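Reader: I am new to this structure. Please take me through one part closely, then show me how that part sits in the rest.

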Amino acid sequence: MEVVRIRPRGYCHGVVEAIRLAKRVGAESDGKPVTMLGYLVHNEHATRELEEAGVRLVAESDRMKGLAQITEGTVIFTAHGISPQVVDAARERGLTIVDATCSDVTRTHDLVRELTARAVHVIYIGKRGHPEPAGVMGVAPDNTTLIESIEEADALEFAPGTRLAVTCQTTLSMWDTQAIIDRLTERFPEIEVHNEICRATQERQEAAVLAADDVDCVVVVGSRRSSNSRRLAQVVEELGHKPAFLVDTAAELRPEWFRGVRRVGVTSGASTPTQLTRAVVAALEAMPDAEEVTAPS
Ligand code: SF4
């Protein structure tokens, strides 16, 4: 079986920077507690590595609740960004703050601030319960409406004369997001559009869909917690029209997925450590060829 390594894949600049920052803070802590508030990136292996580097995890998806568990030392905010309310609460608790928010997410926060200052109401496309939308919504809670779907876009009502803008979570599927934006533009022709899907997400999705043309199936290496990894599998199936298998490690590969498969593509989410992808590629290369698998016994 031929294994096609899809590029670009794996760690994005935001994750590389966040991990580098957290490891440095852990190494320089002089024994004082260092805690990351939520998964720094949505990957258990990367998280374990950080714990080994002296960075403890409070794995509470509600950041304010998680913060209540941190009584001293340094708190690290994750690449997903954080709401100003949580930042203020951390200051009030006397914690040292290290902010690993990705610059692409910070740009969305700045955009929401700027739109709010101009009295433009923000419609934000994102996933409820994900830390990135929670952080963005906190920038202007009374001036931002979160929606997830075309149905929710259809249900929106605003007072006549309300000025509107739409923006989105950085790690969504670019095609799903565009469909929602298109619907909003139909309903509210004057709406300002700010598509904030980050370049890393876009490039990985485009490469995976393009590669799907030339392979029989695609393996996506990434955690099920990782929004961008799940989206990669989704776009391969929905737009590349090929089966996609999301695995956290090589141990999850199932030989029956590859019966009759001659070429398999491999990609990985922006939060997936390189060594996990390498191990998956090696395991796939070690599988018997399609002819051997499918040969009658
Ligand atoms: S996926 Fe995009 S927004 Fe998220 S950390 Fe990576 S570069 Fe930043």
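Author: What follows starts with one helix and works outward. Keep in mind that this is a predicted model.

Start at helix H9, which spans residues 199–212. Find Ala208 in it. Is Ala208 buried or exposed? Ala208 has 29 C-beta neighbours inside 10 Å. The cut-off for a buried residue is 20 or more, so Ala208 counts as buried.

Which residues does Ala208 touch, once its neighbours within four places in sequence are left aside? Ile6 is one of them. Val218 is another. Then come Leu232, Val235 and Val236. Gly240 and Thr267 complete the list. Now look at Val15. Val15 is 193 residues from Ala208 in sequence. In space the two are 20 Å apart, C-alpha to C-alpha.

Next, the ligand. H9 supplies at least two residues of the shell around the ligand. Helix H1 (13–27) and helix H5 (103–117) each do so as well. H1 gives the largest share, three residues. The ligand has 15 residues around it. Cys12, Gly14, Cys102, Thr170 and Cys198 come nearest. By class, the shell holds eight nonpolar residues, six polar and one charged.

Now the domains. The chain is divided into three. Domain 1 takes two stretches, 2–10 and 199–289. Domain 2 is 13–101, and domain 3 is 104–193. The centres of domain 1 and domain 2 are 29 Å apart, taken over C-alpha atoms. Nine residues from domain 1 and nine residues from domain 2 make the contact. On the domain 1 side, four of the residues are nonpolar, four are polar and one is charged.

Two loops come next. One lies between strand S1 (2–5) and H1, and Pro8 sits in this loop. A cis peptide bond joins Arg7 to Pro8, with omega about -5°. The other loop runs from helix H10 (227–238) to strand S11 (244–247), and His241 is found there. His241 is not a glycine, yet its phi is positive, about 55°. Is His241 buried or exposed? His241 has 10 C-beta neighbours inside 10 Å, so it counts as exposed.

Ala119 belongs to the loop between H5 and strand S6 (121–125). Its phi is near 60°, a positive value in a residue other than glycine. With 9 C-beta neighbours inside 10 Å, Ala119 counts as exposed.

S6 leads to a sheet. This open sheet has four strands in the order S7-S6-S8-S9, paired in parallel. Strand S7 (144–147) and strand S9 (192–193) are the edges, and each pairs on one side only. Strand S8 (residues 164–168) pairs with S9 in the parallel sense over two bridges. Ala165 stands opposite Glu192 in S9.

Last, step back to the whole chain. The chain has 12 helices and 12 strands. Its radius of gyration is 21 Å, close to the 19 Å that the globule rule gives for 297 residues, so the chain is as compact as a globular protein of that length. Its C-alpha atoms fill a box of roughly 70 × 55 × 25 Å along the principal axes. Buried residues make up 41% of the 297 residues. Take the contacts between residues at least 6 apart in sequence: 73% of them join residues at least 24 apart.

How values were computed
Residues numbered from 1 in each chain as written. Predicted model: local features only at pLDDT ≥ 70, side-chain atom pairs only at ≥ 80, totals over all residues. Pairing = 2+ DSSP bridges. Buried ≥ 20, exposed ≤ 12 C-beta atoms within 10 Å, placed from the backbone. Contact = placed C-beta atoms within 7 Å. Near = placed C-beta within 6 Å. Nonpolar A, V, L, I, M, F, W, Y, C, P; charged D, E, K, R; others polar. Domains from an automatic or database assignment. Rg over C-alpha atoms; globule rule 2.2 N^0.38 Å.
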